[in-house]
Amino acid sequence: MIKPLLQNPSHPGEVLKELYLLPLDLSAIALAKRLLVPRTRVERLVRGETALTADTAMRLAKFFGTTPEYWMNLQRSWDLARVRETTDVSDIKPMQAA
């Protein structure tokens with residue numbers, strides 16, 4: 001199930017699976033063949049085991065008629081949400097203006 005983007009963004013692989021592969025009845029292996037990439041790249045992405053690369057974003061955008069920015073923004077949102085959960089920046093003081 002896709003989570004609300006602003007609260008807890010979905011991994012780009014989850015979006016790929018839920019919004020594209022399942023409705024189109026397209027397997028990860030079949031998509032990999034169409035994208036001209038190793039099947040493991042798409043399989044690992046769909047399982048959330050790997051991050052989306054710019055190369056894969058370009059290929060997905062071309063295939064699905066979206067933009068690379070759409071796919072990269074999904075990854076960026078996912079990455080920032082994970083970092084916000086684990087990184088404490090409370091002791092960092094903002095730079096003072098001169």
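Trainee: Let's start with E43. Is that residue buried or exposed?
Mentor: E43 is buried, with a relative accessible area of 15%. That counts because buried means under 20% relative accessible area. Keep in mind that this is a predicted model, by the way.

Trainee: Okay, and which helix is E43 found in?
Mentor: E43 is found in helix 3.

Trainee: What does E43 touch, if we skip residues up to four places away in sequence?
Mentor: A28 and I29.

Trainee: Zooming out, how many helices and strands are there in the protein chain?
Mentor: Five helices and zero strands. Going from the N terminus, the elements run α-α-α-α-α.

Trainee: Now the nonpolar stuff. Which residues in the largest nonpolar core touch the most other members?
Mentor: That core has 20 residues, and the ones touching the most other members are L16, L31, V42, L60, F64 and W71.

Trainee: Which helices supply at least two residues of this core?
Mentor: Helix 1 (12-24), helix 2 (28-35), helix 3 (39-46), helix 4 (54-64) and helix 5 (68-86) each do. As background, nonpolar side chains tend to be buried together in soluble globular proteins.

Trainee: Pick L60 for me. What is L60 in contact with, leaving aside neighbours within four places in sequence?
Mentor: L60 is in contact with L16, L31, L35, L52, G65, T66 and W71. Of those, L16, L31 and W71 were on the list of core residues that touch the most other members, and so was L60 itself.

Trainee: Switching to helix 1 and helix 5: at what angle do they pack?
Mentor: About 130°, and their axes are 9 Å apart. That makes helix 1 oblique to helix 5.

Trainee: Why oblique and not roughly antiparallel?
Mentor: Because an angle has to be over 145 degrees to count as roughly antiparallel, and this one is about 130°.

Trainee: Got it. Which residues meet there?
Mentor: From helix 1 you have P12, V15, L16, L19 and Y20, and they meet Y70, W71, L74, Q75 and W78 in helix 5. The residues of that contact divide into nine nonpolar, one polar and no charged.

Trainee: Last topic, overall shape. What does the C-alpha trace span along its principal axes?
Mentor: About 55 × 30 × 20 Å. The radius of gyration of the protein chain is 16 Å, while a compact globule of 98 residues would have one near 13 Å.

Trainee: And how many of the 98 residues count as buried?
Mentor: 32% of them.

How values were computed:
Residues are numbered from 1 along each chain as its sequence is written. This is a predicted model: local features need pLDDT of at least 70, side-chain atom pairs count only at pLDDT 80 or more; totals for chains, interfaces and linings use all residues. Side-chain values use heavy atoms; hydrogens and water are left out. A nonpolar core is a set of buried Ala, Val, Leu, Ile, Met, Phe, Trp, Tyr and Cys residues joined through side-chain atoms within 4.5 Å. Buried means under 20% relative accessible area, exposed over 50%, partly exposed in between (1.4 Å probe, protein chains only). Helices (H or I, at least four residues) and strands (E, at least two) are DSSP runs, numbered from the N terminus. Contact means heavy atoms within 4.5 Å. Axes are lines fitted to C-alpha atoms, for helices over the stretch in contact, and angles run from 0 to 180 degrees between N-to-C directions. Angles under 35 degrees count as roughly parallel, over 145 as roughly antiparallel, 65 to 115 as roughly perpendicular and the rest as oblique. Ala, Val, Leu, Ile, Met, Phe, Trp, Tyr, Cys and Pro count as nonpolar, Asp, Glu, Lys and Arg as charged, and the others, Gly among them, as polar. The radius of gyration is taken over C-alpha atoms; the globule rule is 2.2 Å times the number of residues to the power 0.38.
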